[in-house]
Amino acid sequence: GGGPRPPVPGAREIAPGLLVGGELSAIAKASGGDSAGVRFVLGYAAWTPLQLRIELESGVWVRARAAGPPSPGADGVLGLAFDPQERADAWRAGMRSI
């Protein structure tokens with residue numbers, strides 16, 4: 001459902017309703033057995049604050065504010081991350097949204 005979910009120890013909220021990291025057992029409990037809202041990814045990329053600032057000032061990145069927490073199936077940052085669509089389609093939808 002779209003109701004509030006229990007907190008996930010070790011997770012960090014990076015956009016409304018979008019968490020990164022956390023304890024696996026807590027993620028399983030928070031999902032209520034519905035894996036549709038859970039994605040596991042392998043890999044990590046990071047920038048130093050100075051590098052990111054330089055890239056932002058240089059126009060390397062397209063900046064957009066994350067929308068509030070959408071309801072299931074709604075457009076928004078969670079929809080781009082979790083809707084069953086091809087990556088290229090998600091990219092185009094994201095660019096159209098800004």
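This is a short tour of a predicted protein model, one selection at a time.

**Whole chain**

Start with the full chain shown as a cartoon. The protein has four helices and two strands. Follow the chain from its beginning and the elements come in the order β-β-α-α-α-α.

Now switch on the surface. The accessible surface of the protein is about 7900 Å², and carbon and sulfur atoms account for 58% of that area. Of the 98 residues in the protein, 12% are buried. For contacts between residues with a separation of 6 or more, 38% link residues that are 24 or more positions apart.

**Val 8**

Select Val 8, which sits in the segment before β1 (11–15). Is Val 8 buried or exposed? Val 8 counts as buried, because its relative accessibility is 12% and the cut-off for buried is under 20%.

Next, show the residues around Val 8. Leaving aside residues up to four places away in sequence, Val 8 touches Leu 19, Gly 21, Gly 22, Glu 23, Ala 26, Ile 27 and Ala 30. Add Ser 25 to the selection and draw a distance between the two C-alpha atoms. Val 8 and Ser 25 are 17 residues apart in sequence, and the C-alpha to C-alpha distance is 9.0 Å.

**Helix α2 and its salt bridge**

Move on to helix α2, and select Arg 53 and Glu 57, which both belong to this helix. They are four residues apart, or about one turn of the helix. Which residue forms a salt bridge with Glu 57? The partner is Arg 53, and the closest N and O atoms of the pair are 3.8 Å apart. The count for the model is one salt bridge.

Color the two residues by accessibility. Glu 57 is exposed because its relative accessible area is 63%, and exposed means over 50%. Arg 53, at 48% relative accessibility, counts as partly exposed.

**The nonpolar patch**

Keep the surface on and select Trp 47, Leu 52, Val 60 and Trp 61. These residues form a nonpolar patch on the surface. Together they have about 370 Å² of accessible area.

Finish with Trp 61, one of the patch residues. Where does Trp 61 lie? Trp 61 is in the loop between α2 (49–57) and α3 (77–82). The relative accessible area of Trp 61 is 37%, so Trp 61 is partly exposed.

Notes. Residues are numbered from 1 along each chain as its sequence is written. This is a predicted model: local features need pLDDT of at least 70, side-chain atom pairs count only at pLDDT 80 or more; totals for chains, interfaces and linings use all residues. Side-chain values use heavy atoms; hydrogens and water are left out. Patches are made of residues with over 30% relative accessible area and no salt bridge: like charges are joined within 9 Å, nonpolar side chains (Val, Leu, Ile, Met, Phe, Trp, Tyr) within 5 Å. Accessible areas come from the Shrake-Rupley method with a 1.4 Å probe; for residues, only the protein chains shown count as cover. A salt bridge is a side-chain nitrogen of Lys or Arg within 4 Å of a carboxyl oxygen of Asp or Glu. Buried means under 20% relative accessible area, exposed over 50%, partly exposed in between (1.4 Å probe, protein chains only). Contact means heavy atoms within 4.5 Å.
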